[in-house]
Amino acid sequence: MPKRIVASIQHIGHRVIESIWRLGRATRFFILVLLKSGTSLRRFGLVIRELYFTGVLSLIIIVVSGLFVGMVLGLQGYETLQKYGSESAVGTLVALSLVRELGPVVAALLFASRAGSAITAEIGLMKATEQLAAMGLMAVDPIARVVAPRFWSGVISMPFLAAMFSVMGVFGGYLVTVVFIGVDEGSFWSQMQSAVDFRFDILNGFIKSCFFGVAVTAIAVFEGYDAPPTAEGVSGATTRTVVTSSLVILGLDFILTAFMFRGVS
Amino acid sequence: MQRTTMDLWVGLFVITGIAALMVLSLKVGNLNVYNPSQSYVITGNFENIGGLKVRAPVKSAGVVVGRVTDIQFSTQTYDAVVTMSMDSRFPFPKDTFASILTSGLLGEQYIGLSAGGDQAMLMDGDKIMKTNSAMVLEELIGRFLFDKASESDSF
């Protein structure tokens, strides 16, 4: 009996040490990517190629889901606000919730599952088929050639995708409340414009999405690079990318919100 | 995929992203309404600011002419010192009257300025002398009840 208890405690300790070790490896890898990204930024064609795969191909899912999120926000907000006779404030509700929270967060979650998983699977498969090792043999640094362009393309495209998500959401809210339900158009826009502040709301949302872009792509490239070179290992790494980056996005969002919006109105 | 088509799509993507940011800041936000780069700062002491908050608008005749940037409590006079950043396109006379008003029954509170007739204008760092506190509902009800009670006594 005590032997079994000792074994289970050993198991916990092993898991903790393993995860701390992994965290350290991830940090070292992240710093290595930053150090070696000079060459990939000089050869910007590589980044543009990856921008096509991470940014342009994520556009459809971002635009469509932004539209629907905005429409649902408009509908639900209208249902509640019209009880108090202040349905013209629905523009404020839609715009503030999108610009401050939903735009950066939902766009980052979609980005993690659409582009992050693809990055992990691609790098993991390259490692499994020993393409990365072959590059190393040809004196081509795989981190500078393969990993850094993918990292920077994610970092660049994330703020744009979040902004497009917010714009489509506001448009969806406008479509439902003004065009379909018939809220006054002038008060919809004017109340929104008087409530949304450029520096406080839009710039903070932009900063949030930059943080999310760094977090998601850093996790994605690390999981791919660190994946066991088997089919099972790559699939596990892809799953871990989506799970870890979703959790990191939500946790990071709480921390950033606490710093940005604390104590002011 | 051809290299040039890929470049085209990425270019379109980046342009759309920048356009989305522009729409957010110009159409959704209020960047065009008020430019804080050209502004002058004035202060005012209020006996009671009610629910006034930092970033609340400063309006004159219903037009936004500035924003509240800071609210402090003064231990010398025991009242609230409200700092306002005003758009420099709108200078106000020295004897301008500032009062804390509420937009609508349950709306946000803002500072309303009504211009006086003084020739001298408020400069950067000046202080508004004539202020009117926020209306506090409990005080109003209390005064009303007190008036009613004294009325019924006289009969």
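Reader: In which helix of chain B is the place of Ile18(B)?

Author: Happy to start there: Ile18(B) sits in helix H1 of chain B, which covers residues 3-28. Please keep in mind that this is a predicted model.

Reader: What makes Ile18(B) exposed rather than buried?

Author: The neighbour count decides. A residue is called exposed if 12 or fewer other C-beta atoms lie within 10 Å of its own. Ile18(B) has 12 such atoms, so the residue meets that limit and counts as exposed. As for its place along the chain, Ile18(B) is 16 residues from Gln2(B), and their C-alpha atoms are separated by 25 Å.

Reader: How do you know that helix H1 of chain A has the length expected for its residues?

Author: Set the two values side by side. At 1.5 Å a residue, the 41 residues of H1(A), residues 2-42, should span 60 Å. The end C-alpha atoms of H1(A) are 61 Å apart, and therefore the helix agrees with the expectation. H1(A) does have a bend, of about 45°, at Lys36(A).

Reader: Why is H1(A) said to lie largely in the open?

Author: To be buried, a residue needs 20 or more other C-beta atoms within 10 Å of its own. In H1(A) the number of buried residues is two out of 41, so the helix lies largely in the open.

Reader: What is the order of helices and strands in chain B?

Author: Starting at the N terminus, chain B runs α-β-β-β-β-β-β-β-β-α. That gives two helices and eight strands. Of its 155 residues, 22% count as buried.

Reader: Which domains does the assignment give for chain B?

Author: Domain 1 takes in residues 1-32, and domain 2 takes in residues 39-142. The C-alpha centres of these two domains of chain B lie 40 Å apart.

Reader: What is the pairing in the sheet of chain B, and in which order do the strands come?

Author: The pairing is mixed, and eight strands form an open sheet in the order E7-E1-E4-E3-E2-E6-E5-E8. The edge strands of chain B are E7 (127-128) and E8, as each pairs on one side only.

Reader: Which strand pairs run antiparallel, for example E5 and E6 of chain B?

Author: Let me take a few of them in turn. Strand E5 (residues 97-102) and strand E6 (residues 109-114) of chain B run antiparallel and are joined by six bridges. Here Ser99(B) has Gly112(B) as its bridge partner in E6(B). Strands E1 (residues 39-46) and E4 (residues 79-87) of chain B are also antiparallel, over eight bridges, and Ser39(B) stands opposite Asp87(B) in E4(B). Strands E2 (residues 57-60) and E3 (residues 63-74) of chain B run antiparallel as well, with four bridges; Ser60(B) has Val63(B) as its partner in E3(B).

Reader: How do you know that E1(B) and E7(B) pair, and in which sense?

Author: Strands count as paired when there are at least two bridges between them. E1(B) and E7(B) have two bridges and pair in the parallel sense. In this pair, Thr43(B) stands opposite Lys127(B) in E7(B). E5(B) and strand E8 (residues 130-132) of chain B also run parallel, joined by three bridges, and Phe97(B) stands opposite Lys130(B) in E8(B).

Reader: Where is Ala61(B), and what makes this residue exposed?

Author: Ala61(B) is in the loop between E2 and E3 of chain B. Exposed residues have 12 or fewer C-beta neighbours within 10 Å. Ala61(B) has 9 inside 10 Å, and so counts as exposed. Its phi is positive, about 55°, although Ala61(B) is not a glycine.

Reader: Why is Ala139(A) called exposed?

Author: The reasoning follows the count again: Ala139(A) has 6 other C-beta atoms within 10 Å, and therefore is exposed. Ala139(A) is found in the loop between helix H5 (131-137) and helix H6 (142-181) of chain A. Its phi is positive too, about 60°, although Ala139(A) is not a glycine.

Reader: How many residues of chain B are in contact with chain A?

Author: The count for chain B is 21 residues, in contact with 26 residues of chain A. On the side of chain B that touches chain A, 13 are nonpolar, five polar and three charged.

Terms used
Residues numbered from 1 in each chain as written. Chains lettered and ligands numbered in written order. Predicted model: local features only at pLDDT ≥ 70, side-chain atom pairs only at ≥ 80, totals over all residues. Contact = placed C-beta atoms within 7 Å. Nonpolar A, V, L, I, M, F, W, Y, C, P; charged D, E, K, R; others polar. Expected span 1.5 Å × (residues − 1). Bend = angle between axes of the 7 residues up to and from the residue. Domains from an automatic or database assignment.
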